[in-house]
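Hi everyone, thanks for coming. Let's take a friendly walk through one structure together, and please have it open in front of you.

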Amino acid sequence: MSFWVMFRLLTYREGKKMSKQQQHWEKTRMLLFITLAIWFVFSIGIFFFGAEMEASSIRPLGYPLSYYMTCQGSLGIFVILIFWFANRQEKIDEEFGYTEREDD
Amino acid sequence: MFKGKFIDNLPKIYGTYTGGFIVFIILMAIAEQAGMSAKLIGIFFVAFTVLIYALIGYLSRTMQTDAYYVAGRQVPTVFNGMATAADWMSGASFVAMAGGIYFKGYGYMALLVGWTGGYVLVASLLAPYLRKFGCYTVPDFIGTRYGGNMARLSAVIVLTVASFTYVTAQINATGTIASVALDIPFEIAVYVGLASILMCSMLGGMRAVTWTQVAQYIVLIIAYLLPVFWISNKMGAGVFPHLMLADEVARIAELEAQFGLGEVKNSAADLKQVPKGLSGITKAHAEVNTTPWKFISLAVCMMAGTASLPHVMMRYFTTPSVKAARRSVGWSLFFIFLLYSSAPMLATLSKLSLMDPNLATGIIGKSISEVQAIDWYQNWNQANLMFVSDFNGNGTLELNEFFMGGKAVVLATPEIAGLPYVISGLVAAGGMAAAMSTADGLVLAISNALSHDIYYKMINPKAETAKRLIVARVLLVLIGFAGATIAALEIQGILGSVIWAFDFAMSGLFFPLVLGVWWKRANAQGAVAGMLGGLIAGSAYLIAVRSGYPGFWGVTQLTFGIVGSLVSLVLMVVVSLMTKAPDAATQRMVDEVRIPSGKAILGKQH
């Protein structure tokens with residue numbers, strides 16, 4: 001997943017021929033890939049290393065790292081991630097003038 | 001007192017409601033001191049809260065389709081977050097989750113990660129786009145995006161299988177709580193629960209369900225957090241348990257070693273004496289006790305299932321805008337996080353208070369006869385949720401000689417920790433709120449799909465509004481009764497069927513929904529093949545595993561959605577590519593869905 005993001009970042013060009021809507025979608029997709037990459041790390045990636053996390057000397061608030069991530073760590077990161085994603089997407093929509101009218 | 005529009009006054013209205021509920025708790029506490037019986041307090045708590053929900057349901061009655069199906073699309077972000085959290089957190093989350101963590105530790109917490117991580121998928125892949133679409137139900141999106149009755153019908157089938165599996169568990173949970181709190185037999189309590197559920201949803205549809213779910217969230221979160229904070233402070237474990245229980249977690253590990261956890265195995269003959277459904281502590285509290293794949297596969301199924309369950313998705317159809325739908329997902333997860341991050345803390349406090357000989361409540365290491373004489377032990381033993389037996393005949397209670405039901409962690413811990421009974425009454429009301437709110441959402445999701453997608457869109461497109469809404473209500477009642485009848489049979493446990501529901505939803509709906517937005521080339525033939533093929537493959541795997549087939553890739557009956565959704569993906573892509581691309585109008589529709597501004601695809605009234 002993260003390779004894909006790297007690939008997109010490297011091959012991403014400000015296309016002159018792309019219409020406004022295509023550019024908007026290109027940026028939206030980029031944001032999706034970044035969001036999903038972070039999501040992947042904290043929902044799947046780190047749990048390949050449960051035993052390593054348990055043995056780690058990093059102990060947030062004194063809890064074993066593996067325990068902390070399952071009780072609070074990953075959960076809290078997801079909450080922040082969604083709000084961050086929502087803000088970024090709103091900025092993208094604004095940039096291209098696709099923001100909804102408030103009285104809609 | 002409340003001038004102006006209802007929507008503008010929401011903070012005031014629910015503020016007053018919360019204040020009123022706290023006053024009610026205090027009044028009950030005073031009544032308890034004055035000698036009111038525990039039984040009566042329980043009845044007051046459950047009856048009072050259920051009546052309030054029914055009143056809200058009545059006040060929200062409506063005869064307009066967009067109010068009935070999508071609450072008039074005017075639910076503000078934060079309130080929709082609360083309603084979704086209540087919709088989401090079922091009787092299983094409230095009553096069974098802390099117990100699961102208590103007994104199974106790390107391996108079980110894959111569910112916590114899965115049931116929260118799924119919201120990232122909801123926010124980024126689906127909710128804003130489906131909101132832009134302007135549909136009333138999830139099959140409405142599938143039917144319009146792919147075109148044709150076959151796609152619509154397939155979506156309704158998957159939705160019904162997944163949601164119905166889920167709803168019987170919830171009606172079962174309302175029945176369990178009502179039967180304990182009101183002291184009536186379970187077979188009757190199930191129908192009392194059903195009546196309460198229908199009162200909240202029948203007259204006002206989505207509008208009524210929205211405003212009762214907000215009220216139910218407030219009750220359930222107070223009922224969950226108050227005991228956790230109280231017990232933690234009473235034990236001297238920490239003012240803010242979430243941040244301060246590291247010493248307690250370490251202490252449990254120390255005690256586990258001291259009491260020889262896992263060293264003494266009970267013989268099969270001894271275990272036969274233990275009542276069904278109770279278990280002892282056999283797994284270490286905070287240790288990593290499962291393989292990475294087991295953990296990850298379960299989390300993946302729960303995440304994809306979250307994004308495909310229609311009763312969650314349809315909550316985001318009620319926000320005023322696409323932007324609000326996106327933000328509302330964040331608020332939903334925040335409100336869910338409040339409860340989910342507390343469940344492991346409750347499990348820790350509960351376990352320590354029973355295990356630690358330095359605490360007055362600790363029972364391990366005491367003499368068996370002493371434990372059997374404790375009041376709360378007798379109560380919960382009678383309720384079939386606790387059991388001790390002196391297997392080795394030394395007269396002392398060992399760690400392997402104590403057994404408890406999963407529900408007891410939430411239901412009995414306040415009493416064990418010596419909190420007044422009013423807290424136990426509050427917890428019963430909270431459990432009832434959690435189970436009712438989820439059941440409401442599910443019954444509504446099924447009956448809306450049947451009334452809007454099958455009746456109105458396929459059978460009788462000329463039906464007038466009044467007739468459509470009558471059909472919707474009749475179906476609501478029928479589905480409720482069907483659910484209650486099956487719940488009364490008590491076939492599966494609460495948690496097992498909840499997990500199956502996620503796997504069913506994931507098998508049939510995940511890829512058809514996601515690719516509907518993100519892959520323009522996806523067409524009706526592909527979607528139908530994906531939905532039906534995924535559902536059939538998933539179900540076949542489940543049946544095979546349950547009848548003795550060992551399975552492959554370590555996929556169990558809890559994670560069969562992996563098989564179902566992979567089959568669904570492959571079929572959908574292959575069949576789509578082999579058949580004609582969607583026409584230009586459909587492609588334009590997908591383009592339109594991808595930008596927030598402009599008109600919805602489906603009109604305000606449709």
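To talk about a bend in a helix, we fit one axis to the seven residues ending at a residue and another to the seven starting there, and the bend is the angle between them. With that in hand, look at α4(A), which bends by about 45° at Cys71(A). Please remember that what you see is a predicted model. Just after α4(A) comes Gly97(A), and its phi is positive, near 70°.

Now, how does this helix sit against chain B? For any two packed helices, we give the angle between their axes and the distance between the axes. Here α4 of chain A, residues 65-95, packs with α6(B) at an angle of about 10°, and the axes are 9 Å apart. An angle under 35 degrees counts as roughly parallel, and therefore α4(A) and α6(B) are roughly parallel to each other.

Which residues meet there? On the α4(A) side they include Phe78(A), Leu81(A) and Phe85(A), and on the α6(B) side they include Tyr119(B), Val120(B) and Ala123(B). By class, this helix pair brings together 11 nonpolar, five polar and no charged residues.

Let's step back to the whole contact between the chains. Chain A gives 40 residues and chain B gives 41. On the chain B side, several helices supply at least two residues each, among them α6, α12 and α14. The largest share of that side is from α16(B), with 10 residues. Sorted by class, the chain B side has 27 nonpolar, eight polar and six charged residues.

Next, let's zoom in on Ala127(B), which is in helix α6 of chain B. Is Ala127(B) buried or exposed? A residue needs 20 or more neighbours within 10 Å to count as buried; Ala127(B) has 26 C-beta neighbours inside 10 Å, so it is buried. Setting aside neighbours within four places in sequence, its contacts include Met313(B), Tyr316(B) and Val329(B). As for Ala299(B), 172 residues away along the chain, its C-alpha atom is 20 Å from that of Ala127(B).

One last stop: α21 of chain B, residues 421-459. At 1.5 Å a residue, its 39 residues should span 57 Å, and the end C-alpha atoms are 54 Å apart, which agrees. Of those 39 residues, 34 are buried, so α21(B) is largely enclosed by the rest of the structure.

That's my tour, thanks for listening!

How values were computed: Residues numbered from 1 in each chain as written. Chains lettered and ligands numbered in written order. Predicted model: local features only at pLDDT ≥ 70, side-chain atom pairs only at ≥ 80, totals over all residues. Contact = placed C-beta atoms within 7 Å. Helix = DSSP H or I, 4+ residues; strand = E, 2+ residues; numbered from the N terminus. Nonpolar A, V, L, I, M, F, W, Y, C, P; charged D, E, K, R; others polar. Axes fitted to C-alpha atoms, helices over the stretch in contact; angles between N-to-C directions. Parallel < 35°, antiparallel > 145°, perpendicular 65-115°, else oblique. Expected span 1.5 Å × (residues − 1). Buried ≥ 20, exposed ≤ 12 C-beta atoms within 10 Å, placed from the backbone.
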